[in-house]
Amino acid sequence: MAVKMKRRDYISWDEYFMGVAQLSGMRSKDPNTQVGACIVSPTHKILSMGYNGFPTGCSDDDFPWARDGGALDTKYAFVTHSELNAILNYRGGSLEGATIYVTLFPCNECAKAIIQAGIRTVIYDSDKYAATEMTRASKMMFDAAGVRYAQYERSGRRIHIDL
């Protein structure tokens with residue numbers, strides 16, 4: 001009897017979890033920036049997901065999506081970031097030792113939540129705000145708290161999903 005070999009073109013864990021984060025971000029109704037996050041256990045189990053959007057009960061049609069204007073005229077006072085949503089969506093207990101995959105490097109407020117939740121590793125895709133003080137603050141806190149962060153290494157693989 002011939003032994004059949006497993007297929008070799010399957011996606012890696014990093015491709016899988018970053019793909020889930022990217023797909024989660026596609027749920028965001030933000031017209032400018034769609035961010036997704038996926039929290040994973042040390043044994044490669046998906047624990048939670050999130051995307052940037054308004055809190056539950058706050059209508060996407062009633063709150064502003066603008067980027068410019070007064071505080072109450074822009075999204076910034078109201079939107080919950082994907083990382084915080086993923087942490088808050090988790091109902092299973094501790095996130096100690098988990099990894100979070102996120103499509104955009106976490107802001108300083110999300111960095112605090114990541115640290116406090118016990119997440120030990122951040123894998124991010126884009127770091128387009130690297131030069132900002134808030135992103136620098138995130139990295140300073142991650143370094144001080146021993147949270148490892150690394151940029152996702154794109155494989156160049158294209159994945160097509162028909163829905």
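The buried residues of helix 3 pack against helix 2, strand 3 (99–104), strand 4 (121–126) and helix 4 (133–145). Helix 3 is therefore a convenient place from which to describe this structure, a predicted model. The buried set in helix 3 consists of Asn108, Cys110, Ala111, Ala113, Ile114 and Ala117. As general background, an α-helix has 3.6 residues a turn, so residues three or four places apart point the same way. Just after helix 3 comes Gly118, with a positive phi of about 90 degrees.

A brief look at the whole chain helps to place this helix. The protein chain contains four helices and five strands, and from the N terminus on these elements run in the order α-β-β-α-β-α-β-α-β. Along the principal axes, the C-alpha atoms fill a box of roughly 70 × 40 × 35 Å. The chain has 163 residues, of which 40% count as buried. Among contacts between residues at least 6 apart in sequence, 61% join residues at least 24 apart.

The two helix neighbours of helix 3 can be taken in turn. Two packed helices are described by the angle between their axes and the distance between the axes. For helix 2 (residues 82–89) and helix 3 (residues 108–117), the angle is about 30 degrees and the axes are 9 Å apart. Because angles under 35 degrees count as roughly parallel, helix 2 is roughly parallel to helix 3. The crossing of helix 2 past helix 3 is left-handed. Helix 2 contributes Glu83, Leu84 and Ile87 to the contact, while helix 3 contributes Cys110, Ala113, Ile114 and Ala117. By class, six of these contact residues are nonpolar, none is polar and one is charged.

On the side of helix 4, the packing angle with helix 3 is about 20 degrees, and the axes lie 8 Å apart. Helix 3 and helix 4 are therefore also described as roughly parallel to each other. Their crossing is right-handed, whereas that of helix 2 and helix 3 is left-handed. From helix 3, the contact with helix 4 draws on Asn108, Ala111, Lys112, Ile114 and Ile115; from helix 4, it draws on Met134, Ala137, Ser138, Met141, Phe142 and Ala145. The residues of this contact comprise eight nonpolar, two polar and one charged. Ile114 of helix 3 takes part in the contact with helix 2 as well as in the contact with helix 4.

Cys110, one of the helix 3 residues facing helix 2, leads to the cysteines of the model. A search of the whole structure finds zero disulfides. For Cys110, the nearest cysteine sulfur is that of Cys107, at 3.8 Å, and Cys110 is in no disulfide. A disulfide calls for sulfur atoms within 2.5 Å, so a separation of 3.8 Å does not qualify. Cys110 is buried, with a relative accessible area of 4%. The sulfur of Cys38 has its closest cysteine sulfur in Cys110, 15 Å away, which is too far for a bond. Cys38 is likewise buried, at a relative accessible area of 0%.

Cys38 also appears in the surroundings of Phe17, a residue of helix 1. Phe17 has a relative accessibility of 1% and counts as buried. Leaving aside residues up to four places away in sequence, Phe17 touches Cys38, Val40, His44, Ile46 and Tyr101. Between Phe17 and Gly50, 33 residues apart along the chain, the C-alpha separation is 12 Å.

His44, one of the residues touched by Phe17, lies in the loop between strand 1 (36–40) and strand 2 (46–51). The backbone of His44 deserves a second look: phi is near 65 degrees, a positive value in a residue other than glycine. With 35% relative accessibility, His44 counts as partly exposed, whereas its contact partner Phe17 is buried.

Finally, Ser12 is found in the segment before helix 1 (13–25). Ser12 is partly exposed, with a relative accessible area of 34%. The C-alpha atoms of Ser12 and Ala111 are separated by 26 Å, with these positions 99 residues apart along the chain counted as their sequence separation. Ala111 brings the description back to helix 3, where this residue is buried and takes part in the contact with helix 4.

How values were computed. Residues are numbered from 1 along each chain as its sequence is written. This is a predicted model: local features need pLDDT of at least 70, side-chain atom pairs count only at pLDDT 80 or more; totals for chains, interfaces and linings use all residues. Side-chain values use heavy atoms; hydrogens and water are left out. Axes are lines fitted to C-alpha atoms, for helices over the stretch in contact, and angles run from 0 to 180 degrees between N-to-C directions. Angles under 35 degrees count as roughly parallel, over 145 as roughly antiparallel, 65 to 115 as roughly perpendicular and the rest as oblique. A crossing is left-handed if the near helix is turned anticlockwise from the far one by less than a right angle, and right-handed if clockwise. Contact means heavy atoms within 4.5 Å. Ala, Val, Leu, Ile, Met, Phe, Trp, Tyr, Cys and Pro count as nonpolar, Asp, Glu, Lys and Arg as charged, and the others, Gly among them, as polar. Buried means under 20% relative accessible area, exposed over 50%, partly exposed in between (1.4 Å probe, protein chains only).
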